[in-house]
Amino acid sequence: MSHSEAAPTQRRKWRFPNLGIQILIALALGIIAGAILHDHESKEWVIANIFNPAGQILIIMIKMIVVPIVVSTLTVGIAGGESSKELGKMGLKTIVYFEIITTIAILVGILAANIFQPGVGVNISSLAHTDISSYNETINEITHSSSSPFVTTLLSIFPSNIFAAMADNHSMLSIIFFSVLFGLGLGSLPTEQKTPVIQVLKGVSGAMFKVTNMIMRYAPIGVFALIATTVANFGFESLYPLLKLVLLVYGTIIFFAIVVLGFVAYICGINIFTLLRILKDELILAYTTASSETVLPRIMEKMELYGAPAKVTGFVIPIGYSFNLDGSTLYQSIAAIFLAQITGVDLSIMDQIILVVTLMLTSKGIAGVPGVSIVVLLATIGTVGIPLESVAYIIGIDRILDMARTALNVVGNALAALVIAKWEGCFDQMKAQSYFDNYKNI
């Protein structure tokens with residue numbers, strides 16, 4: 001048989017790029033589109049009528065499914081056999097772990113800012129000045145409230161109307177509290193009464209995770225629109241005077257993720273790079289949208305597949321979005337020192353200790369508030385004499401910084417679920433290894 005008659009070689013079948021690749025392509029195209037639109041006369045119309053709505057649709061759809069997933073997953077996990085005593089122990093371990101890690105994040109941020117001094121030598125007249133009046137109402141409520149941040153957080157846990165809490169995107173703590181009580185109550189019922197309800201909630205949870213996968217098909221479009229809006233609004237020139245701050249924040253966040261969280265993971269027998277590989281799609285999505293909520297359902301699903309039981313993921317990860325904001329607290333400590341440096345405020349050791357304590361309280365007390373990092377920063381810097389107006393100089397690049405700190409928040413909360421599962425002795429190592437082996441082949 002001649003060469004021409006030989007059987008043709010089988011062509012490799014083309015595969016559609018996975019979600020992570022799609023989002024990276026959308027990110028690149030969005031940056032290009034935003035840069036082109038930045039100086040275009042129709043910028044405002046395009047952003048208001050095309051890009052902003054297209055981006056917000058993704059955020060809104062994710063928020064739509066977060067509450068059903070949290071309620072169903074957490075209730076089923078607790079009703080499946082968790083006693084109130086065991087749950088209390090897990091809750092205490094979770095809060096202790098969160099407080100230790102976020103305090104380390106604050107200290108790392110302050111240390112980095114003191115070593116590299118990003119604000120020294122910056123000409124304040126070269127910085128863009130943004131209006132901060134939209135934050136005044138929130139900051140006035142915080143600074144003039146008769147209740148401490150701890151008391152405010154404590155009271156927010158107890159919902160007077162659970163349906164109103166579910167309708168409020170910033171009432172996750174109260175939703176978790178209700179789900180815990182509901183799970184404990186359901187678990188105490190006779191088997192014949194609780195089994196049908198548990199089966200229904202399992203069906204709701206499974207269906208919501210399927211809906212999440214459907215919504216993720218839209219994610220590249222949403223990412224394209226969101227990043228295009230950011231670049232079109234601010235351009236790249238706003239970065240240049242504050243480039244040192246941006247580089248320091250990004251560098252410190254990478255250091256914290258790999259070294260600090262990597263050490264915590266190592267102690268627990270987890271490879272941080274394995275975790276990052278598993279979360280790569282979610283990290284890209286969280287980074288580009290600057291929203292942790294966009295990946296909350298998928299993080300819960302993946303950490304359960306990776307060996308942490310539903311009772312842990314459903315409890316630890318949602319609470320982490322209020323109490324374990326590693327990226328946000330790290331950024332706020334750097335930003336506070338930066339603002340002191342550019343305004344010429346000399347912070348003593350005692351001032352910086354006050355700064356740490358204040359950040360420890362305020363970062364928990366108003367978690368979930370829109371623009372939370374800026375609000376926490378405003379609530380913090382006034383305690384050590386830094387002018388509140390100075391925050392106006394960094395709001396222009398806050399979105400760029402928010403993207404990085406959001407990604408770190410996601411890594412921190414995913415790792416927290418695994419750490420607590422290990423601490424509780426319920427981590428399924430065989431399931432984790434099996435999932436990772438299958439994941440590598442996808």
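Arg 298 is buried, with a relative accessible area of 11%. In this predicted model, Arg 298 belongs to helix H13, which covers residues 296–305. Leaving out residues up to four places away in sequence, Arg 298 touches Leu 19, Thr 212, Asn 213, Met 216, Asp 281 and Glu 282. I begin there because the 11% lies under the 20% limit for a buried residue.

Let me now turn to the chain as a whole. Its secondary structure consists of 19 helices and zero strands. Of its 442 residues, 52% count as buried. The accessible surface comes to about 20600 Å², and carbon and sulfur atoms account for 65% of that area. As for the contact pattern, consider pairs at least 6 apart in sequence: 85% of those contacts join residues at least 24 apart.

On confidence, the mean pLDDT of the chain is 84, and 86% of the residues score at least 70. Among the elements of the chain, helix H4, at residues 136–143, has the lowest mean, 57, whereas H10 has the highest, 96.

That brings me to helix H10. Does the end-to-end distance of its 25 residues agree or disagree with 1.5 Å a residue? The expected span for residues 243–267 is 36 Å and the end C-alpha atoms lie 35 Å apart, so the two agree. H10 nevertheless contains a kink of about 30°, centred on Phe 256. After the helix comes Gly 269, with a positive phi near 75°.

Helix H18, residues 398–424, can be treated in the same manner. Its 27 residues should span 39 Å at 1.5 Å a residue, and the end C-alpha atoms are 38 Å apart, which agrees. H18 is mostly covered, with 21 of the 27 residues buried. The residue that follows H18 is Gly 425, whose phi is positive, near 75°.

Next, the annotation. The unreviewed UniProt entry places the feature "transmembrane region" at several ranges, among them 171–189, 218–236, 248–276 and 335–362. Two of these may be set against the model. Over residues 171–189 the chain is 84% helix and 0% strand, with the end C-alpha atoms 28 Å apart. Over residues 335–362 the chain is 79% helix and 0% strand, and there the end C-alpha atoms are 15 Å apart.

Finally, I would draw attention to two residues of helix H9. Asn 233 is found in this helix, which runs over residues 219–234, and Phe 234 is found there as well. Is Asn 233 buried, partly exposed or exposed? At a relative accessible area of 34%, Asn 233 is partly exposed, because that value falls between the limits of 20% and 50%. Phe 234, at 33% relative accessibility, also counts as partly exposed.

What do these two residues touch, apart from neighbours within four places in sequence? Asn 233 is in contact with His 38, Lys 43 and Ile 47. Phe 234 is in contact with His 38 and Gly 396. Asn 233 and His 38 are 195 residues apart in sequence, yet their C-alpha atoms are 6.4 Å apart. For Phe 234 and Gly 396, the separation is 162 residues in sequence and 6.8 Å in space, again C-alpha to C-alpha. His 38 thus appears in the contact lists of both Asn 233 and Phe 234.

Note on methods. Residues are numbered from 1 along each chain as its sequence is written. This is a predicted model: local features need pLDDT of at least 70, side-chain atom pairs count only at pLDDT 80 or more; totals for chains, interfaces and linings use all residues. Side-chain values use heavy atoms; hydrogens and water are left out. UniProt positions are given in the numbering used here, feature names are shortened, and annotations may be inferred rather than shown by experiment. Helices (H or I, at least four residues) and strands (E, at least two) are DSSP runs, numbered from the N terminus. Buried means under 20% relative accessible area, exposed over 50%, partly exposed in between (1.4 Å probe, protein chains only). Contact means heavy atoms within 4.5 Å. Accessible areas come from the Shrake-Rupley method with a 1.4 Å probe; for residues, only the protein chains shown count as cover. The expected span of a helix is 1.5 Å times one less than its number of residues. The bend at a residue is the angle between axes fitted to the seven residues ending there and the seven starting there. pLDDT is the predictor's confidence in each residue, from 0 to 100.
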